[in-house]
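This report goes through selected strands, helices, domains and contacts of the structure shown below. The description begins with strand pairing and ends with the contact between chains.

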Amino acid sequence: MEMPTPSQNVLNRKPELVKRLLSVLPRDAVIDHEAETKAYECDALSAYRCPPLAAVLPRTTEEISAILKICNEMQVPVVPRGSGTSLSGGALPTADSVILGVARMNAVLETNYPDRYIKVQSGRTNLSVTGAVEVDGFFYAPDPSSQLACAIAGNIAMNSGGAHCLKYGVTSNNLLGVKFVTMQGDIIEIGGPYLDAEGLDLLGLICGSEGQLGIVTEATLRILPKPEGALPVLIGFDKNETAGACVADIVKAGVLPVAIEFMDSPCIKATEAFAGAGYPLCEALLIIEVEGSKAEIDEQLEKIITIARKHDPVELREAKDEDEANRIWLGRKSAFGAMGQLNDYMCLDGTIPVTQLPYVLRRMNELSEEFGLKVGNVFHAGDGNLHPLILYDANKPGDLQTCEAFGAEILKLCVEVGGCLTGEHGVGIEKRDLMHVQFEPVDLEAQMQIKDVFDPNWLMNPAKVFPLSSSADRRNASSAMG
Amino acid sequence: MNIFKPKTESDVAQIICETNQGLNIIGGGTRGVVESGGNSIETKGLSGIIDYQPGALTMIAQAGTPLKEIESALSKEGQRLPFEPMNSRALLGRVGSPTIGGVFAANISGPRRIQVGAARDFLLGVRFVDGSGNILKSGGSVMKNVTGYDLVKLLSGSYGTLGVITQVAFKVLPIAETQATLIVDGLDDKNAVNALTTAMNSPFDVSAAAHAPSKNQTYIRIEGFDKSVLYRSEKLQAHLKKFGEAQVVEKSQSESLWSKIRDVDVFSDKTSDIWRLSVKPTAAPEIVSSIGFHQYLYDWSGGLIWGALPQGSDPRLALAKFGGHATRIRGKSGSVPRFQPQTKLIAELSEKIRSKFDPRGVLNTGLMV
């Protein structure tokens with residue numbers, strides 16, 4: 001994955017930059033020693049690393065505004081960072097950039113139950129938002145797998161989803177307002193504790209803009225009362241096609257589960273060997289979870305099971321209590337770890353129309369033979385968001401490149417059947433150069449002109465999202481000035 | 001005054017390329033978005049459902065497709081537009097047939113918005129022609145998509161100021177097996193909003209919560225499978241006991257009640273200005289009394305206020321200290337702006353975005369400023 005050549009001019013001015021940053025920040029908020037900047041050299045796409053010029057860890061919105069004013073004036077690129085859990089390289093620095101981390105801004109600013117919102121600083125982790133309200137029976141719905149570590153800032157940047165978004169939606173559906181700092185250092189408040197902010201939907205635009213339009217420092221989030229209970233059912237099939245058809249029938253029948261998770265046979269085998277969750281070694285496995293009171297859960301599960309039986313499942317296991325529910329979820333939750341035991345892996349994130357599931361899985365297995373790398377699938381079937389895990393050996397020369405080429409073919413396949421490159425992880429650097437598969441140049445131009453409005457000099461996370469060749473003129477214009 | 005009636009997306013592009021003056025963009029013309037005068041472009045000729053996948057809960061349609069055609073295709077499969085778009089014809093005294101493109105361009109959402117989200121939350125993809133005649137697309141037809149910037153949300157609710165939407169892909173949901181509404185009589189505004197927010201704070205999955213002072217009634221709707229609705233309706237009655245006994249109406253009675261609330265049928269006179277306010281629910285009663293609406297209705301557990309004021313009045317000064325925003329839905333344009341004026345920085349950003357998509361200022365000129 002290519003990154004732009006760092007600006008020598010910016011590198012030369014590091015002492016001046018550090019001095020100016022120290023004039024607006026306390027000593028402990030500026031990290032400029034090479035030994036320490038290394039801690040910020042990558043995110044969860046760890047195949048790519050590059051220590052930044054410096055990292056700053058501000059504590060207030062005003063400090064962020066001051067930092068951005070300095071960087072804008074000195075034409076230094078800024079890479080925003082939440083908790084560094086991006087799987088697409090969203091927080092990968094370049095050597096001439098400043099990492100702006102919001103980790104120290106993690107306070108709860110306001111909790112309001114009657115109006116069902118919480119206002120937090122954006123460095124707060126996803127799970128700790130729920131943590132702040134669950135004792136009172138509330139939760140924050142978007143639940144990306146990394147929720148223990150990932151920050152709300154990153155969730156907003158990537159418009160993160162999770163296993164339960166089939167019912168509750170993704171980040172943008174649960175975000176009511178933000179405090180936001182532009183590259184010029186302007187502090188802007190958009191939306192608030194009311195629905196559908198006025199004017200053009202800038203909130204919707206900022207959510208999912210991958211930290212390219214500005215830094216979100218505070219967020220007002222929708223919180224919801226916790227359901228009375230939830231239980232999953234596990235259903236095994238001897239064909240991917242049948243499992244896919246079963247999902248479509250359940251959705252059509254009017255049952256809206258909170259989650260429909262799908263595992264294919266390579267993943268089931270790996271998971272069984274690793275976690276021993278007692279899964280049947282079949283071709284395809286569904287875990288379907290429903291919510292409500294005991295009686296409501298029974299009613300929904302009965303409908304789901306009736307539909308599933310029509311598709312001749314090889315296994316059907318209903319959780320009767322929390323213990324059994326945990327056993328069913330155990331395998332799903334250890335799936336990534338299990339695949340990681342086998343080898344290094346790359347996790348993809350394309351979305352397809354649910355109806356194309358059998359074809360896509362079949363084609364993926366053919367590609368697996370062609371490229372000589374194994375692939376396992378564990379994903380959110382209800383909304384067609386695939387997570388193919390390609391296994392490769394990082395120590396074997398050329399294997400990463402083969403893996404990336406294989407990954408690119410899978411994502412092209414997703415687009416070909418009417419889907420998209422990324423459902424919840426974001427484009428970052430990982431899918432940047434595939435954007436032309438999904439978009440015409442004119443579509444990318446329309447998106448890039450949005451960035452021109454917010455960040456005319458292309459300093460905020462500049463080498464992400466758009467193919468480097470498409471954004472080159474804009475980025476070079478700014479570095480020529482720097 | 002010309003009315004252009006394109007039949008294809010490329011017709012739209014050609015009309016925009018060739019125009020040298022402003023164009024009003026009209027779907028069904030039922031929402032009173034465009035004020036009269038000047039040339040218009042009508043999207044009715046761009047009609048038809050392109051793809052419908054009930055098993056994937058997605059539909060793709062041309063923007064000018066009549067809403068009733070969409071709703072009838074969905075109901076045949078037991079599905080619906082979950083965000084419950086209002087029919088504004090009676091309120092605005094309009095005739096004509098609303099289009100699906102208009103629903104999304106104006107982000108029209110009804111009572112269920114509070115449970116499932118707004119129109120913009122269900123819009124998955126758009127094709128549109130910008131003010132320079134470029135044919136553009138954003139999003140797609142799948143439920144989860146974070147590929148590139150979310151221009152889909154930007155276009156939804158932009159009232160045609162950034163482009164003429166030619167095609168929309170959206171998510172739908174199953175129609176609930178049944179519904180029931182709890183009705184509590186005789187609550188004052190403050191107690192009513194308190195009852196509504198208390199209901200929304202319960203785990204019983206309320207799908208709409210409104211209060212009609214004119215009828216002295218407070219309404220709470222639940223939807224789902226038969227047994228579940230029965231169970232939750234009993235639970236909610238107990239949960240709300242301190243607000244008084246609730247009577248329960250079911251199915252068709254409940255449905256017709258909510259279609260009236262959705263379409264805001266509380267305003268008896270045809271001359272007042274009608275305002276729509278989005279606010280923090282618990283602040284709503286105080287906002288209403290500060291502004292002094294002579295007739296009004298609370299939806300979204302208080303978060304949405306529909307209110308009537310004499311012509312030319314401005315509710316925004318009174319609203320300012322509470323937060324939220326106000327849009328005039330009915331009434332002549334005068335010195336009071338129809339859309340909520342924005343803070344300087346946001347207005348500048350919005351204006352710059354608009355000038356990127358419509359550098360010549362030909363699309364719905366004068367709207368949303």
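In this predicted model, strand 12 (residues 230-237) of chain A pairs with strand 14 of chain A in the antiparallel sense, over 8 bridges. One of the pairs on that side joins Val233(A) to its bridge partner Ile288(A) in strand 14 of chain A. Strand 14 of chain A also runs antiparallel to strand 13 (residues 259-264) of chain A, and 6 bridges join these two strands. Here Glu289(A) of strand 14 of chain A has Ala259(A) opposite.

Strand 14 of chain A covers residues 284-291, and 8 of its 8 residues are buried. Ala284(A), Leu286(A), Ile288(A) and Val290(A) point one way from the strand, while Leu285(A), Ile287(A), Glu289(A) and Glu291(A) point the other way. Both sets are buried, and the two glutamates Glu289(A) and Glu291(A) are among them.

Another part of chain A centres on strand 6 (residues 117-121), where 4 of the 5 residues are buried. Strand 6 of chain A runs antiparallel to strand 5 (residues 108-112) of chain A, with 4 bridges between them. These two strands form a hairpin with 4 residues between them, and Arg116(A) in the turn has a positive phi of about 55°. Tyr117(A) in strand 6 of chain A stands opposite Asn112(A). Tyr117(A) also has Arg222(A) as its bridge partner in strand 10 of chain A. Strand 10 (residues 215-222) of chain A pairs with strand 6 of chain A in the antiparallel sense over 5 bridges.

The table lists these pairings together with one from chain B.

| Strand pair | Sense | Bridges |
|---|---|---|
| Strand 12 and strand 14 of chain A | antiparallel | 8 bridges |
| Strand 13 and strand 14 of chain A | antiparallel | 6 bridges |
| Strand 5 and strand 6 of chain A | antiparallel | 4 bridges |
| Strand 6 and strand 10 of chain A | antiparallel | 5 bridges |
| Strand 1 and strand 3 of chain B | parallel | 2 bridges |

The last row belongs to an open sheet of 3 strands in chain B, with the order 1-3-2 and parallel pairing. Strand 1 (3-4) and strand 2 (23-26) of chain B stand at the edges with a single partner strand each, so one side of each is left without a neighbour in the sheet. Between strand 1 of chain B and strand 3 (residues 39-42) of chain B, the 2 bridges are parallel. Phe4(B) has Ile41(B) as its bridge partner in strand 3 of chain B.

Chain B as a whole has 13 helices and 18 strands. Its radius of gyration is 21 Å, close to the 21 Å that the globule rule gives for 369 residues, so chain B is as compact as a globular protein of that length. The C-alpha trace of chain B spans about 65 × 50 × 35 Å along its principal axes. Of the 369 residues in chain B, 55% are buried. Among contacts in chain B between residues at least 6 apart in sequence, 71% join residues at least 24 apart.

The domain assignment divides chain B into domain 1 (3-174), domain 2 (178-262) and domain 3 (273-330). The C-alpha centres of domain 2 and domain 3 of chain B lie 22 Å apart. Their contact takes 13 residues from domain 2 of chain B and 12 residues from domain 3 of chain B. On the domain 2 side, helix 8 (189-200) and strand 12 (206-212) of chain B each supply at least two residues. Helix 8 of chain B gives the most to that side, with 6 residues. By class, the domain 2 side has 8 nonpolar, 3 polar and 2 charged residues.

Helix 8 of chain B has 12 residues and reaches 16 Å from its first C-alpha to its last, close to the 16 Å expected at 1.5 Å a residue. Its buried residues are Ala192(B), Val193(B), Asn194(B), Ala195(B), Leu196(B), Thr197(B), Ala199(B) and Met200(B). They pack against several elements of chain B, including strand 11 (178-185), strand 13 (217-224), helix 11 (284-291) and strand 16 (295-299).

Where do the two chains meet, and how many residues take part? The contact takes 67 residues from chain B and 71 residues from chain A. Elements that give two or more residues to the chain B side include helix 8, helix 9 (226-239) and helix 13 (344-357) of chain B. The largest share of that side, 7 residues, comes from helix 13 of chain B. The chain B side has 26 nonpolar, 29 polar and 12 charged residues.

Note on methods:
Residues numbered from 1 in each chain as written. Chains lettered and ligands numbered in written order. Predicted model: local features only at pLDDT ≥ 70, side-chain atom pairs only at ≥ 80, totals over all residues. Rg over C-alpha atoms; globule rule 2.2 N^0.38 Å. Buried ≥ 20, exposed ≤ 12 C-beta atoms within 10 Å, placed from the backbone. Contact = placed C-beta atoms within 7 Å. Domains from an automatic or database assignment. Nonpolar A, V, L, I, M, F, W, Y, C, P; charged D, E, K, R; others polar. Expected span 1.5 Å × (residues − 1). Pairing = 2+ DSSP bridges.
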